[in-house]
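Biologist: I would like a close look at a single part of this model, followed by a connected account of what lies around it.

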Amino acid sequence: MRLLDRYIVGQFSRIFLVCVLGVPFLFQVIDLTDNLDDYLAEGATQAEVALYYVYQFPYHVLLGFPLAALLASVFTVSTLARHFETTAVKAGGVSFYRFTAPVLITALTLSGVALGLTQIVPTSVRKAEEVLGREQTRSRTLRISFVYRGNEGRVYGIQRLDTQAGTLSDVAIDREGTGPEYPTYNVSAPSARWDSVTASWVLENGRLHVLPELGQTLTFEFAELRQRHFTETPEELLARPPTEEEMTYGELGRYINALERSGTNASRLRTVRAIRLSFPFAVLIIVLFGTPLAHSTRRGGAPMSVGIALATTIVFMIVIRISEAIGAGGGVHPSLAAWIPNLLFLAAGIVLMAKVRT
C-alpha cells in the first residue's frame, strides 16, 4: 500500500470509528431517556437496564454503518479538497478514481463486517430482551390463555400452562395443509403432560381431526398422542416467543418455509430476510454515491458535509421502507424489493462518478 493510500484509509477509518460508535450511543441515550421510567416500573434494576443496552449496542452499530460510512467518505473527501490536497494529488498525476479507490476498498471490507454482524445481532437482541424479561419470567409459573406458533406452521392454543407441574390444560393444535400429501389437521385434548425422558408433550384423552380434502374429515380418538415436533419445554412456552429481529438468517428462512407450507403468505418476511443481505452492501454503495457528491459540493465546510450525509441517509432509509412495503404487498419479488434502494443509489453513484473531473 502506497503512502497516499495509507493516509486516505487512515483519515476515513478514524472518522468512521468515531461515527459508528458515537451515533449508536446517541440513539441509546435518547431511548434510555424515553423508556427508563417504564423499565424501572416493570421491576428491572439499574444494572439490568445497563446490560440491556450493552446487548442492544451491536444492533444500533449495524444500523449506523451506512450513516457512519457516508459521513466518513464525505468528510474525508471534502476535507482533503478544502486543504487543496486533492489538487496536489491530481497535479502529481493521480486521477480521482485512483485517489478514492482505497476508500471504496475499505467500504467493501466494512460491508463484509456488517454482513457478519447480521448473524451476531439476533443473538444479542434476544439476550437483551431476556435481561429485562428474566425476573418477570422467573417469578411466574403459570401462563393463561395464550397462543404459541411452533414449527412447520403449527399453532398451539393453550388455556393454562403450569411449569411446576409440567402440565397443559385445554390444548388445541392446528396446522393448515395444502392437500392430501400435506393435509390440514387439528388436535384437541383436555390435558397434556411433559415427558422429560423423551423431551416432548404427551396429549391425553383427545381427538385428532384430519382434513385431507375439502369436505372430507377423518376423526380419531386417542388415550395418548405424542406430537413429534411439539418439543418446546414448559419454560420455553412460558417465555415470549422470538421475534423476527431475534432470528438469524437461517432461522428466519426455516420459519418462512414453515409458514408457506401451511398456506400463509410470507412475502413480508421474505423481504425482511432479503434485506439482511442487501443492507450490509449499502455501506459500499452509499460510499460510492457520497464520495463524488462530496467532491462536487466541497464548498461549505463541515455543516455542508453533515447536511449532505444526513439528507442522503434519510432519503436512503425512506426508499428502503417504501421498497419493503412494495415487497411485502407482493408488488415485486421480495429479493428485488430488498435491492431496489441499493440499485437506485448505485446508478446515481455511477452517474456522479462519471461526471467528476478526474
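At roughly what angle do the axes of helix 1 and helix 2 cross?

Modeller: The model is predicted. In it, the axes of helix 1 (residues 3-41) and helix 2 (residues 46-82) cross at roughly 145 degrees and come within 4 Å. The crossing of helix 1 past helix 2 is right-handed. Sorted by class, the residues in this contact are 29 nonpolar, seven polar and one charged.

Beyond the helices there is a sheet. It is open, has six strands in the order 1-2-3-4-5-6, and its pairing is antiparallel. Strand 1 (142-149) and strand 6 (216-226) are the edge strands; each has a single partner strand, so one side of each has no neighbour in the sheet. On average, and with direction ignored, neighbouring strands of this sheet are turned by 10 degrees against each other.

Strand 4 (residues 184-195) pairs with strand 5 in the antiparallel sense over ten bridges. Among the paired residues, N186 has H209 in strand 5 as its bridge partner. These two strands, 4 and 5, form a hairpin with four residues between them, and A199 in that turn has a positive phi of about 55 degrees.

Strand 5 (residues 200-213) is also joined to strand 6, by nine bridges, and this pair runs antiparallel. R207 is bridged to E221 in strand 6, and L208 to F220 in strand 6. Strand 5 and strand 6 make a hairpin with two residues between them; G215 in the turn has a positive phi of about 85 degrees.

Note on methods: Residues are numbered from 1 along each chain as its sequence is written. This is a predicted model: local features need pLDDT of at least 70, side-chain atom pairs count only at pLDDT 80 or more; totals for chains, interfaces and linings use all residues. Side-chain values use heavy atoms; hydrogens and water are left out. Axes are lines fitted to C-alpha atoms, for helices over the stretch in contact, and angles run from 0 to 180 degrees between N-to-C directions. A crossing is left-handed if the near helix is turned anticlockwise from the far one by less than a right angle, and right-handed if clockwise. Ala, Val, Leu, Ile, Met, Phe, Trp, Tyr, Cys and Pro count as nonpolar, Asp, Glu, Lys and Arg as charged, and the others, Gly among them, as polar. Two strands pair if DSSP finds at least two bridges between them.
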